[in-house]
Amino acid sequence: MGILALDVSRFGIVMSADSQPVELLDGRNRVARTRLLSRNPILVRRGGGFAGLVAFVGRERIAGKPTREWLQAFSAQHPDESLMAFCTALADELSRQWRRQRLRSGLWVFVSGFEGSEVRFWYVSNVEGVNQSDGTYKKPGPTFTAVDDLDKNYLAPELNQGRTKAQSLRLRMYQFRNGVIRPTAFIFDIFNEIMQRIYEQRIPGFSPIRSITDLAYYDRQRMEFAKRLHSPKHGMASKASSPGIAGEVHVMAVAPRGVIRQYPKIRGQERLVP
């Protein structure tokens, strides 16, 4: 997919993605030209005390299968493993596949939801970093690493200052995105600033986010806004440029206690996912 985004909040977690197939390579992004821009890169995982979502961006096929199907099969083969064990096993198997197939693509896999009552976010990736000049990725390699990103890299420093995890989540929202991040990350940031100013002015009809449903539709509009700007037909991008975001937008959310819903375009039509 062109872009994969995750928001972690006190209401739960929301993942959003478009349907544009891309391949993340060393210093460049390869955008696939296809008319079938509808598949959902976000899938559900329940097992080992975890209820949440698994999503990907960067590589469209693994071992002859679409990446979504490969991830579904892998998850089904590891139904009872803890979140840590699942992510570690996924990193090991992806490393094996990349070496066996001599793949050069970068791949990000987001795994987020609730383990018991605790909100979690892990990622699995083989990317070293980002080129600041153009937002592409550096040297995707054959070795994948599983990282407990939310708790280890974001919340741990705050806990060391005496703040609880619940307090940190009440004070701020943690946002993550990967894929074709330029200019999308900048567009997301500006969208957030616009909405924050509207909320601060208390304009009638524009209430701040107060629920997981509010956050899900906020994220959908942010993704739709970025997608429209990328469109040569409806937005601002030239026809010669390769759209980083295109196709159907997918939004799924996990509330505390592992309740998962999918959020289509029309508000009030959200669907409970078993």
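**Exercise 1. Find out which residue R120 pairs with in a salt bridge, and what the pair ties together.**

Step 1: R120 forms a salt bridge with D151, with the closest N and O atoms 3.1 Å apart. The term salt bridge stands for a side-chain nitrogen of Lys or Arg within 4 Å of a carboxyl oxygen of Asp or Glu.

Before going on, a word about the model: it is predicted, so local features need pLDDT of at least 70 and side-chain atom pairs count only at pLDDT 80 or more, while totals for chains, interfaces and linings use all residues. Residues are numbered from 1 along each chain as its sequence is written, and side-chain values use heavy atoms, with hydrogens and water left out.

Step 2: Now look at where the partners sit. R120 lies in strand 10 (residues 118-125) and D151 in helix 3 (residues 149-160), so this salt bridge ties together parts that are 31 residues apart in sequence. Helices (H or I, at least four residues) and strands (E, at least two) are DSSP runs, numbered from the N terminus.

Step 3: Check the surroundings. Both R120 and D151 are buried; that word means under 20% relative accessible area, with exposed over 50% and partly exposed in between (1.4 Å probe, protein chains only).

**Exercise 2. Work out how K165 joins the picture.**

Step 1: K165 also forms a salt bridge with D151, and here the closest N and O atoms are 3.0 Å apart.

Step 2: K165 lies in helix 4 (residues 165-171) and D151 in helix 3, so the pair ties together parts that are 14 residues apart in sequence.

Step 3: K165 counts as buried because its relative accessibility is 13%. D151 counts as buried because its relative accessibility is 13%.

Step 4: Zoom out a bit. E115, E118, R120, D151 and K165 are linked in a network of salt bridges. A search of the whole structure finds 16 salt bridges.

**Exercise 3. Describe what R222 does with D219 and with F188.**

Step 1: The side chains of R222 and D219 meet in a salt bridge, at 3.4 Å from N to O. Side chains of opposite charge can pair when their charged atoms come close.

Step 2: R222 and D219 are three residues apart in helix 6 (residues 212-230), so about one helical turn separates them. An α-helix has 3.6 residues a turn, so residues three or four places apart point the same way.

Step 3: R222 is buried, and D219 is buried too.

Step 4: R222 also lies over the face of F188, at 4.6 Å from the ring centre. For a charge to sit over a ring, NZ of Lys or CZ of Arg must be within 6 Å of the ring centre and within 35 degrees of the ring normal.

**Exercise 4. Check whether the span of helix 2 agrees or disagrees with what 1.5 Å a residue predicts.**

Step 1: Helix 2 (residues 83-101) has 19 residues and should span 27 Å. The expected span is 1.5 Å times one less than the number of residues.

Step 2: The end C-alpha atoms of helix 2 are 27 Å apart, which agrees.

Step 3: Look along helix 2 for buried residues; among them are L83, F86, L90, L94 and W98. R45 lies over the face of F86, at 3.8 Å from the ring centre.

Step 4: What follows helix 2? That's R102, whose phi is positive, near 55°.

**Exercise 5. Sort two aromatic pairs by the angle between their planes.**

Step 1: The structure holds 13 aromatic pairs. Rings of Phe, Tyr and Trp (its six-membered ring) pair if their centres lie within 6.5 Å; planes under 30 degrees apart count as stacked, over 60 as edge-to-face and the rest as tilted.

Step 2: W108 and Y137 are 6.0 Å centre to centre with 55° between the planes, a tilted pair. W108 lies in strand 9 (residues 108-115) and Y137 in strand 12 (residues 137-138), so the pair ties together parts that are 29 residues apart in sequence. W108 and Y137 are both buried.

Step 3: The rings of Y154 and Y174 have centres 6.2 Å apart and planes at 80°, so that pair is edge-to-face. Y154 is partly exposed, with a relative accessible area of 32%, whereas Y174 is buried, at 1%.

Step 4: Put them together: ring pairs link W108, F110, F121, Y123, Y137, Y154, Y174 and F176 into a cluster.
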